[in-house]
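Me: I've got a structure open and I'd like to learn how to read its charged side chains. Could you walk me through it?

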Amino acid sequence: LVWKGQNMAQKNGTQMTEFILLGFSTETQPLLFGIFVIIYIFTFIGNLSIILIVTMDPILQSPMYLFLRNLSIIEIFYISVTVPRMLKDFLQEKKAISIMGCAAQFYFFCCLGATECFTLAFMAYDRYVAICHPLHYMSIMTKRRCLSMSIASWLTGMVLPLTIFIFRLTFCGPNVINHFFCDISPLLNLSCTDLSFTELVDFILAMVVIMIPLVLIIITYVFILWTVLRIPNNQGRQKTFSTCASHLTIVIIFYTTTLFIYARPRKANPFDSNKLVTVFYSVVTPLLNPIIYCLRNKEVKLALKKTFRWKDFWKLRP
Ligand SMILES: *[C@@H]1O[C@H](CO)[C@@H](O)[C@H](O)[C@H]1NC(C)=O
């Protein structure tokens, strides 16, 4: 995984070994530092709580919650790829990142983003089976099949972004990235190789990673809505739909922001508005995930109360 940039000399003859991450404007930094520290702590605690209660509560052993635990693990890693590094940069005068560091950050960011897309799609499928084929749920969503789905989403997430590295880019300066982490579009903007091929590969990959799961999610929700709307009484309709409301909320937030960034032509993007949207899907979605599930889901709320009552804490242990 060596980016060609490492070997490339700058036009003036000096070697290019690092990028400078501009981050946010200097005046807003102390405020943003505080906000991001708080968001990071809450995201960590929130997702860790979900991991803990799903692990400890025997009621939450259905595929839906096991996938939710997968999602919480993804979110903790996802926010840890960007935020700690950004916080460190806030405190430093010189916000440099080595080319390998940049490549690693970008790779893990892609991995986790792709894994999240596929996990969200499998969660949608789980809701589809539960609502549209409730009698066959147990025989369709077997432990083994669920495990294969989760392994598939992790593997796809790890393998697909690798392809980007095969089409190496050349960087010949300037090396200033107007962003708070090494995302693909600002990097492509700095490259001096002919981008048409890389952009095509990148576009196709983005379509595979983003659009295939999205289309699957849309199809499953069409079936879910179709089934829910045929339920005769209002109460039954609400009750049935409430089990996928949290999932749908996460999907909408994650996909609208991701599509806004990745489904547009690269070179034309004004980066300052992009930074804000990127904050949303890279930092805010991981935070919202536990909040949405805890507020909207009765079972999670109950399990949370049970788990964090000291007396019952010990009872729950196997
Ligand atoms: C991920 O999801 C699968 C399928 O539901 C489950 O078997 C597995 O335990 C989950 N892994 C973690 C670490 O939550």
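Reply: Let's go through the salt bridges, then a charged patch, then the record's annotations. Keep in mind that this is a predicted model.

Me: How many salt bridges does a search of the whole structure find?

Reply: The general idea first: side chains of opposite charge can pair when their charged atoms come close. Here, the search turns up 3 salt bridges.

Me: Which residue does lysine 94 form a salt bridge with?

Reply: Its partner is glutamate 18, and the closest N and O atoms are 2.9 Å apart. Lysine 94 sits in the loop between α2 (63-91) and β2 (96-98), while glutamate 18 belongs to strand β1 (residues 18-21), so this pair ties together parts 76 residues apart in sequence.

Me: Are lysine 94 and glutamate 18 buried or exposed?

Reply: Buried means under 20% relative accessible area and exposed means over 50%, with partly exposed in between. Lysine 94 is exposed because its relative accessible area is 52%. Glutamate 18, at 25%, is partly exposed.

Me: What about aspartate 89: where do this residue and its partner arginine 85 lie?

Reply: Both are in helix α2, 4 residues apart, which is about one turn of the helix. The closest N and O atoms of that salt bridge are 3.4 Å apart. Aspartate 89 has 5% relative accessibility, so it counts as buried.

Me: And which residue does the side chain of aspartate 126 meet in a salt bridge?

Reply: That would be arginine 127, at 3.1 Å from N to O. Aspartate 126 is buried, with a relative accessible area of 1%, and arginine 127 is buried too, at 8%.

Me: Now the patch. Which residues gather in a patch of positive charge on the surface?

Reply: Lys239, Lys298, Lys301 and Lys305 do. Helix α11 (residues 298-307) supplies the largest share, 3 residues. Lysine 239 is placed in helix α9 (residues 234-262); with 66% relative accessibility, lysine 239 counts as exposed.

Me: Last one: where does UniProt place the feature "transmembrane region"?

Reply: The unreviewed UniProt entry puts that feature at residues 31-54, 66-86, 106-125, 146-167, 203-229, 241-263 and 275-295. You can then check an annotated span against the model. Residues 66-86 are 100% helix and 0% strand, with end C-alpha atoms 31 Å apart. Residues 203-229 are also 100% helix and 0% strand, and there the end C-alpha atoms lie 37 Å apart.

Terms used. Residues numbered from 1 in each chain as written. Predicted model: local features only at pLDDT ≥ 70, side-chain atom pairs only at ≥ 80, totals over all residues. Heavy atoms only, no water. Patch = residues over 30% accessible without salt bridge, like charges linked within 9 Å, V, L, I, M, F, W, Y side chains within 5 Å. Areas by Shrake-Rupley, 256 points an atom, 1.4 Å probe, with all protein chains shown as cover. Salt bridge = Lys/Arg side-chain N within 4 Å of Asp/Glu carboxyl O. Lys, Arg positive; Asp, Glu negative; His and termini not counted. Charge placed at Lys NZ, Arg CZ, Asp CG, Glu CD. Helix = DSSP H or I, 4+ residues; strand = E, 2+ residues; numbered from the N terminus. Buried < 20%, exposed > 50% of the residue type's maximum accessible area, 1.4 Å probe, protein only. UniProt positions renumbered as here; feature names shortened; annotations may be inferred.
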